[in-house]
Structure formats: structure tokens, C-alpha cells
Amino acid sequence: MSTLDAARKRLESIPSVSLGHLPTPIDELARLREAIGLKARLLAKRDDAMSFGFGGNKIRKLTLVAAQAVADGADTLITCGGVQSNHCRATAAAAAKLGLACRIVANGARPERSTGNALLVALYGAEVTYVESRQERAPTMERLASELRAQGRRPWIIPLGASTPLGAMAIARGVGEMVAQGVTPGVIVHASSSGGTQAGLVAGCALHAPGTRVIGVSADDPAVEIQRTVLALLAGMEEALGLTRGALGSAAGVTVDDTMIGEGYGIPSAASREAQALAARTEAVITDHWYTAKALAGLIARARGGEFDAAGSVLFWHTGGQASVLA
Ligand SMILES: Cc1ncc(COP(=O)(O)O)c(C=O)c1O
């Protein structure tokens, strides 16, 4: 067996919990394709349409990350994010389904009336601690964990965005899922932030679709920072899968586009407004101004520039985020 075969086998053998039905659908977006003048086929991997917990890339990551917590005997999941974090909502949903308690550390003001992801977090029964800044999140999670341990509980901290090598490996499995559905696109475009999704897609393509390019469109951070995080996560996955350094990707294969951030995280831009409206009106696909509308705007800009003319097919990996539209 080749080293890559062994790595694929190891990847598939990582214990997981079932959170909704996989595979997620792959849709042809013919009307959107026509509207943006794209010559290649346009497809979407609908992780937003996952049947569990309002879906998205974070649910996919939690299939492995929550499994590890359960295997370790955890009784409480602790994680952090912004008040409208998709990751916090996904973690609260996973905890509810797995019979675990959930504590969320949210940076921002306690909303007067909970909406969107904040409302779902409350409905899923998670307890939220509000902190003023992003810097306070990690120490507050540690404090909550030691308080719980002192009470004899077994807390399990999931880092921001579940962007650990294990979380990224769940996304890499998603690429295997896509190939098994008979789709191997020339290019994948997706929203990128804490790096786990991009690392997973790059690793998944190295293992299952070596001719496929991955372009991550940044929601907030400069390209160099996300690229650095992605490379560190790739190294972690290589170690976990028994591969040599660089086997899953190098800097040349980690393309991050940070030209779509506009005025900042979650602030709509002219391009994200256009992308959101086009996708909604041509395909009834909903995207959000934190992540997916900006990623789609990046895809549209490149399509209009002719970059994908020879790509064969372009796949928009829809990472979810639709609940924040209702915030
Ligand atoms: C809807 C959505 N898309 C994309 C991302 C980016 O994923 P990652 O943090 O793995 O880079 C996130 C979370 O940050 C998200 O919530």
C-alpha cells in the first residue's frame, strides 16, 4: 500500500459521531453561472444544507472533534466566538444531541433580544458568558474549565472555530465525500478565517483530487496570517496521518484572497451585497456578509476576470452561515 493510500485509510478510520446526514448535496448553479458570465460549470457543495443544527463547516468539523471529547469522557463542551458565531451555535447543537452540557464564551455585548445564532445557542440550552474582547476568550474558557473540574465535572475546550488538525481532517474527509459523488472540480472557492476549512480542503485535495486548486477568501485576517495557520494545520495533519512534511501541501498551494474583506469582518461591501443578491435571486441560495457572500464575491470577481475560463468546473464550497442573516 502506498503512503497516500495508508493516509487515506487512516483518515477514514478516525472515530466520528453522526451529526445529520452526509453526503451533503452538490448542486449545479446554472442561473448564477449565466448571471456572472462564467464559462466553466458552476457547482456548489451544500454544507449549508446539512440536516443537523443549521449546518455548515463547523458541524462537519465537530463530527470528529466532538467524537474525541466523548471518547475522553467529557461531560461539557466549552468553546468561544463572537455573539453571532456559527461555530458556537454548531457546538451548542452538537452538545445537545450528544447529551453534553455546553458553555459558550462570547465576545461582545449581551444582546437585548437574541436573534440568529445567539437565539439558537440559547434554544440548544448552552450557557453563555460574555467578555469584552477577543483576548479574554481563551483565559475565560480556561477559568470556566477549572471551575467545572473543581466541581468534579469533565470539561472539554474546543479552540476557536474547531480549527485543529482533527477539525481540519473532518473537512478533508468532505473532499473524499465530494469525489465519491462523482465531482472533481478544477477549482474550489470557499470562505476562510481560522484556517481549518482551508487546511482541510487543501489536504483533502492532496489525498483525493490532486488536480484541484483551492482558493480561500478571507473574512477578516490578512492572507499571510491565514496562510501561516493553514500551513501549521497541514503539518499537524501530516503528523497524524503518518506523512512526511509537505506531503499535503506547501505555501504555493495555499492561496488566500484577502481583497474581499472591505471595511471589515461582517461589514457588508458593495461586492458582498451584489453576490448575496445574485445567489438569492438566481438560485435561492442564501449567503451571509461575515463569510459566504464575501467568498462568493471573490469567486465572481475572478470569474469576470476570466481566471476560470479553462477550469472545466468551479465549485463554491458553501460553508453555511445562513442563521446569521436572521440576526
Ligand atoms: C459560515 C462560515 N464559513 C466559513 C468559515 C471559515 O472557516 P474556518 O474558520 O475554518 O476558516 C466560518 C467560520 O469561521 C463560518 O462560520
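**Two sheets and a helix pair**

I will start with a pair of helices, where H8 passes H9 in a right-handed crossing. Please keep in mind throughout that what we are looking at is a predicted model. Helix H8 covers residues 196–208 and helix H9 covers residues 223–240, and the two pack with their axes 9 Å apart, at an angle of about 55°. H8 and H9 are therefore oblique to each other, since an angle that is neither under 35 degrees, nor over 145, nor from 65 to 115 is counted as oblique. On the H8 side the contact is made by Gly196, Gln198, Ala199, Gly200, Val202 and Ala203, and these meet Ile226, Val230, Leu233, Leu234 and Met237 of H9. Sorted by class, this contact between H8 and H9 holds eight nonpolar residues, three polar ones and no charged ones.

Let me turn to the sheets, beginning with the one built from six strands, which is open, has mixed pairing and follows the order S1-S2-S10-S7-S8-S9. Its edges are strand S1, at 26–28, and strand S9, at 255–257, each of which pairs on one side only. If direction is ignored, neighbouring strands of this sheet are turned against each other by 25° on average. Looking towards the S9 edge, strand S8, residues 213–218, runs parallel to S9 and is joined to S9 by three bridges, and within this pairing Ile215 has Thr255 in S9 as its bridge partner. Helix H11, residues 292–304, packs on this sheet and touches strands S2, S7, S8, S9 and S10, while the direction of H11 makes about 170° with that of S10.

The other sheet I want to show is also open, and here four strands pair in parallel in the order S5-S4-S3-S6. What is left without a neighbour at the edges of this sheet? Strand S5, at 127–131, and strand S6, at 155–157, have a single partner strand each, so one side of each of them has no neighbour in the sheet. From one strand to the next, the twist averages 25°. Strand S4, residues 101–107, pairs with S5 in the parallel sense over five bridges, and Asn107 stands opposite Val131 in S5. Helix H6, residues 137–150, packs on this sheet, where H6 touches S3, S4, S5 and S6, and the direction of H6 makes about 160° with that of S3.

To close, I would put the two packed helices side by side for discussion: H11 on the sheet that contains S10, and H6 on the sheet that contains S3.

How values were computed
Residues numbered from 1 in each chain as written. Predicted model: local features only at pLDDT ≥ 70, side-chain atom pairs only at ≥ 80, totals over all residues. Heavy atoms only, no water. Pairing = 2+ DSSP bridges. Axes fitted to C-alpha atoms, helices over the stretch in contact; angles between N-to-C directions. Contact = heavy atoms within 4.5 Å. Left-handed = near helix turned anticlockwise from the far one by under 90°. Nonpolar A, V, L, I, M, F, W, Y, C, P; charged D, E, K, R; others polar.
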